[in-house]
Amino acid sequence: MYLEKINSPDDLKNLKIDECTELAKEMRAALIQKLSVCGGHLASNLGVVELTIALHYVFKAPQDKMIFDVSHQTYCHKMLTGRKEAFLYEEKYHSVSGFSNPKESEYDHFHIGHTSTSISLACGMAKARDQKGGCGNVIAVIGDASLDGGQAFEALNFSGELQSGLIVVVNDNNQSICENVGALHKKLNELKNHNGKTKDNYFKALGAEYILVRDGHSLTDLIKAFETVRGTDRLVVVHVCTQKGRGYRFAKEDLENWHWANPFHIDTGEFMRKVPDENYGAIVGEFLLDKIKRDPDIAVVVAATPLCIGFHKERRKEAGKQFIDVGIAEQNGVSVAAGIAKGGGKPVFATNSTFLQRAYDQIEQEMCIGECPVTMIVTHASVFGHGNDTHAGLFDITLLGNIPRLVYLAPTNKQEYLAMLNWSIEQTGAPVAIRVPWTGVCHTEKDVDQDYSRTKYQVVTKGEKLAIIALGSFYQLGERVAEEYQKRTGIQATLVNPRFITGIDEATLGSLEKDHDMVVTLEDGIIRGGFGSRISQFYSAKCMKVKNFGFSMNLPNRFQPIELMKHNGLTPERIADDVISVQGLENFL
């Protein structure tokens, strides 16, 4: 077995080409085996096996710097840079992260989890090299879909005038998470179809030399191309055509669902952990499609993540021109939605919580200062969203909750969510964001409000001494805390569903002062600057004791949601302990 003997790229350089071909087969087998057990980005990594081998075969890392865009395709890079055991031995599967990580290895240079950044980072490293009079190659590896992002264009535009040696490897598999969109991809396909010879070459127009590798799985062709550009003193783009999911039939046949794979049975391609039939993606997808059919003014806008709201291929087709995918370009998506709203349309923009960070300025400026009634659906906004620091959905309350004019809502169940969504789409008074619960679909048989034009908390259970204000997806945790508190003290706590992340219901908060001496807030997000901090500020000059529960800023590189909740004291028992201690009730129990 060749892979077992690879401890660094130096070992790779001792192999012959036919031996590297066998190594590629072993790497694919290791990828499929590991990810069948623990899940991960399968299709993207299967497509870059030969590309990664060729890069390390020709260049001398870590002296030569390789920066991988998004870095979700660095599994092969990790195998060749001293971390193969994490892919060969099940007991070590979790010893490395799913993204590049400088704390793991000197071969990784940045923590990268989002898209379109590698060329900018590479420009900076090339500039630093030149200023210090150093040598060595700087290589940015970026996928064709990542070129959609504005920063990728900005970096290419800058690198064309950098007057420095920089190699940009475009890994073109003609696929984003779902299908590619946009005019640029048509031009990339023209380049492929005409062997790189077209009059309007995008890369040449920006000042780059250009090389096409038509077969990105030919080690001979790849090595020849990289040897040609090694040591360049200017910008060179190597356009490599690869096949996403190569080597595993089920991944090749359904790229969208195998971009990130849950654990699966290798022989059948059946996922072991299936998405529940009732999930908020499916629910809202059906709801929005029904709205689209009845109202031609509605437009659903996404930034390459349509499945987060249940818009699978059939649903996208059925929605027609009322479905808009702007590619991996959140800034553009928000501004397009603002333009639709200003033009009298009813836009719904949806993406994961972590990706909204990339469009903060557009949300604050165009959408909110411009008072454009856009509806934003914020998914994966929870400790249960993504289990790593680059994608954690725990910062949106702090980010979005402090933007003037934005109404940020936090439903606690299906009925409340759909009522808020319907109200938001039909109202014209304000931009609205809705934080989708990510702790499972809950239901209520009670009537829910249909109008959210006024900030009003809902007192669900009236009690005394302790008031629990449980936000959104942590409302059910609030119910369990109230039960634990009553079991141990005999006191019925007041339970409040605030529903609004933004704004303060001063009347409800003021009414609690009469019969309560403590208020507890629960939020599925970072405490600092979060929802609870606003409640604390309201009571800061009053006699009310307030304690905020949520997550600290110290997020580990990878985490299990339940364990992170325990670490932050977010269990009914621990919260009850803290409350009883603050209230001084221990001696009375």
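Is D64 buried or exposed? D64 is buried, because its relative accessible area is 7%, and buried here means under 20%. Please keep in mind as you read that this is a predicted model.

**Around D64**

Let us stay with this residue for a moment. D64 sits in the loop that links helix α4 (49–58) to strand β1 (65–68). Leaving aside residues up to four places away in sequence, D64 touches F59, G136, N137 and I139. Another residue to look for is Y107, which is 43 residues from D64 along the chain. The C-alpha atoms of D64 and Y107 are separated by 9.3 Å.

**A sheet of 5 strands**

Now move along the chain to an open sheet. Its 5 strands come in the order β12-β14-β13-β15-β16, and their pairing is mixed. At the edges are β12 (458–461) and β16 (545–551), each of which pairs on one side only. From one strand to the next, the twist averages 25 degrees.

Strand β15 (residues 516–526) is a good place to pause. This strand is mostly covered, with 10 of its 11 residues buried. On one hand, β15 pairs with β13 in the parallel sense over 6 bridges; on the other, β15 and β16 also pair in the parallel sense, over 6 bridges. If you would like to find these pairings in the model, the table offers some residues that stand opposite each other.

| Residue | Stands opposite | Strand of the opposite residue |
|---|---|---|
| K465 | H516 | β15 |
| V519 | V546 | β16 |
| I526 | F551 | β16 |

How does the chain get from β15 to β16, and what is the hand of this crossover? The chain passes from β15 through helix α23 to β16, and this β-α-β crossover is right-handed.

As you follow any of these strands, a general point may help: in a regular strand, side chains alternate between the two faces of the sheet.

**Helices against the sheet**

Two helices are worth finding next. Helix α23 (residues 531–538) packs on the sheet, where it touches β13, β15 and β16. The direction of α23 makes about 155 degrees with that of β15.

Helix α21 (residues 475–489) lies across β12, β13 (465–470), β14 (494–497) and β15. Relative to β13, helix α21 runs at about 160 degrees.

To bring the picture together, β15 pairs with β13 and with β16, while α21 lies across β15 among other strands and α23 touches β15 as well.

Notes: Residues are numbered from 1 along each chain as its sequence is written. This is a predicted model: local features need pLDDT of at least 70, side-chain atom pairs count only at pLDDT 80 or more; totals for chains, interfaces and linings use all residues. Side-chain values use heavy atoms; hydrogens and water are left out. Two strands pair if DSSP finds at least two bridges between them. Helices (H or I, at least four residues) and strands (E, at least two) are DSSP runs, numbered from the N terminus. Axes are lines fitted to C-alpha atoms, for helices over the stretch in contact, and angles run from 0 to 180 degrees between N-to-C directions. Contact means heavy atoms within 4.5 Å. Buried means under 20% relative accessible area, exposed over 50%, partly exposed in between (1.4 Å probe, protein chains only). A crossover is right-handed if, with the strands pointing away from the viewer, the path from the first strand over the helix to the second runs clockwise.
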